Amino acid sequence: MLNSLYIKAASKRGSIKEIIPELEGNSIVSDNWSEKNITSSDDEFSIGAGDGSFNKKKFLGFNFYAVAAESLIFDGQLKTIEQSDIDRFPYLSYLDEFLSNYMSIFELKCCLSSLEEYNVDYYLIDGSIYGDLQNPFPKGVETSAKAKKELISATLNDFEEMVKNPSDKSVYSPKLFNKYFKIYQEYKYPYTLYLTTIERLVVLKEILKNPRKMIAISKSSSNNDIFHSNMPDIAIFDKYTQKEGISKVIRKKVSKDINTTFPVFDEFFKDLKFTIFYLLADYKNVLKVELPYEASMAEIEEIATKLKKFSTNGYPYLLKKAHNDVVISDKNIKELINIAKVREKSGREML
């Protein structure tokens, strides 16, 4: 089979090229881009950044998983906050969603610890807060409206008490299932998945009480709010922009742009406003920057200088280090399985 693919690749050598966006002209890009010499801030401030990762290994009878998150803080010295877990899950069609929620909760709790225990001035999140808010519900399972109401009513106070102790970065959802719903064992996993969604929103709300400390950074994005092209805005700016600068600013309010009702704190999340722009510093890759508040142009330019102060090759160093530190490779999973002495067939031993 591979031989035929090699032949096909050879026949298409040099013919698979990048997609060029259909624009009215290059001027449309420059009209949405302000060239600015972005200098490195002279201010003294502390900064944190975090990332997470998960991976899994399928065995005949269950899935072994590992999930981890890390926050790095620099306030003159480099400090680290970590949270991780390994265990097993049965076969679930929505396992990746489960693990993604676990990872997100770990990331957010490490972030909360950075804000509460270390009082960082700025915290960098890898990805998009606004994008996460567009999908507040678990997609993997259906839970009745009655069950959802019961789940929220029983657990919300516990989750709110939990965030008062930022040093505890564990996932509470399985504990609360056992506390309130253990008799519903046949619903254990869909109930717990829904609870992880509530837990994530509770922690996110606590973090967003400090909106001016939060900066979300994306290396890629599917947004096309500026050019309305089949190609994302970030790809167009990356192709046609060579000089340092800041894009046209996009302003969004959740209540106008996200057509959903949040399971908890609906009014809080609906009232959130976001400032989104694209940034090129050090003549490297274009980044999408997202601020969970309505920022002035002066504030945007100040954020750009502060990001540059802690960046190498146009990307925040702490975010890059956190990613490299926390990534869980297939090799790591095999090592963890050996260390934990997991004894189970994978079904591939004969291959």
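1. In this predicted model, 75% of the contacts between residues at least 6 apart in sequence join residues at least 24 apart. The secondary structure of the protein amounts to 13 helices and 12 strands, and 50% of the 351 residues count as buried.

2. On overall dimensions, the C-alpha atoms fill a box of roughly 65 × 60 × 45 Å when this is taken along the principal axes. The radius of gyration is 22 Å, which agrees with the value near 20 Å that a compact globule of 351 residues would have. The protein exposes about 18,500 Å², and carbon and sulfur atoms supply 47% of that area.

3. A reader new to the structure may wish to start with the strands around β2. Strand β2, residues 47-58, runs antiparallel to strand β3, residues 63-74, and 12 bridges join the two. The connection from β2 to β3 is a hairpin that passes through 4 residues, and one of the bridge pairs sets Lys57 against Phe64 in β3. Strand β2 also pairs with β5, here in the parallel sense and over 4 bridges, with Ile47 standing opposite Tyr122 of β5.

4. Tyr91 deserves a separate look, since this residue, placed in the loop between β4 (78-89) and α3, counts as partly exposed because its relative accessibility is 42%, in between the limits of 20% and 50%. Leaving aside neighbours within four places in sequence, Tyr91 is in contact with Lys58, Phe59, Leu60, Gly61, Phe62 and Asn63. The side chain of Tyr91 also reaches the backbone oxygen of Leu60, at a distance of 3.3 Å. As for Val264, it is separated from Tyr91 by 173 residues in sequence and, C-alpha to C-alpha, by 29 Å in space.

5. Helix α3 covers residues 95-117, and its 23 residues reach 32 Å from the first C-alpha to the last, which is close to the 33 Å expected at 1.5 Å a residue. The helix is mostly covered, in that 18 of its 23 residues are buried. In general, residues three or four places apart in an α-helix point the same way, because there are 3.6 residues a turn.

6. Two residues call for a check of their backbone angles. Just after α3, Asn119 takes a positive phi of about 50°, although it is not a glycine, and this residue lies in the loop between α3 and β5 (122-126). Lys341, which is likewise not a glycine, has a positive phi of about 55° and is found in the segment after α13 (330-339). Most residues other than glycine have a negative phi. Lys341 has a relative accessible area of 58%, and it therefore counts as exposed, the limit being over 50%.

7. The last point concerns Ser311, whose place is in strand β11, residues 311-312. With a relative accessible area of 17%, Ser311 is under the 20% limit and so counts as buried. A polar atom of its side chain lies 2.5 Å from the backbone oxygen of Leu307. Apart from neighbours within four places in sequence, Ser311 is in contact with Pro316 and Tyr317.

How values were computed: Residues numbered from 1 in each chain as written. Predicted model: local features only at pLDDT ≥ 70, side-chain atom pairs only at ≥ 80, totals over all residues. Heavy atoms only, no water. Expected span 1.5 Å × (residues − 1). Buried < 20%, exposed > 50% of the residue type's maximum accessible area, 1.4 Å probe, protein only. Pairing = 2+ DSSP bridges. Contact = heavy atoms within 4.5 Å. Polar contact = N/O pair within 3.5 Å; in protein donor to acceptor, adjacent residues only side chain to side chain. Rg over C-alpha atoms; globule rule 2.2 N^0.38 Å. Areas by Shrake-Rupley, 256 points an atom, 1.4 Å probe, with all protein chains shown as cover.
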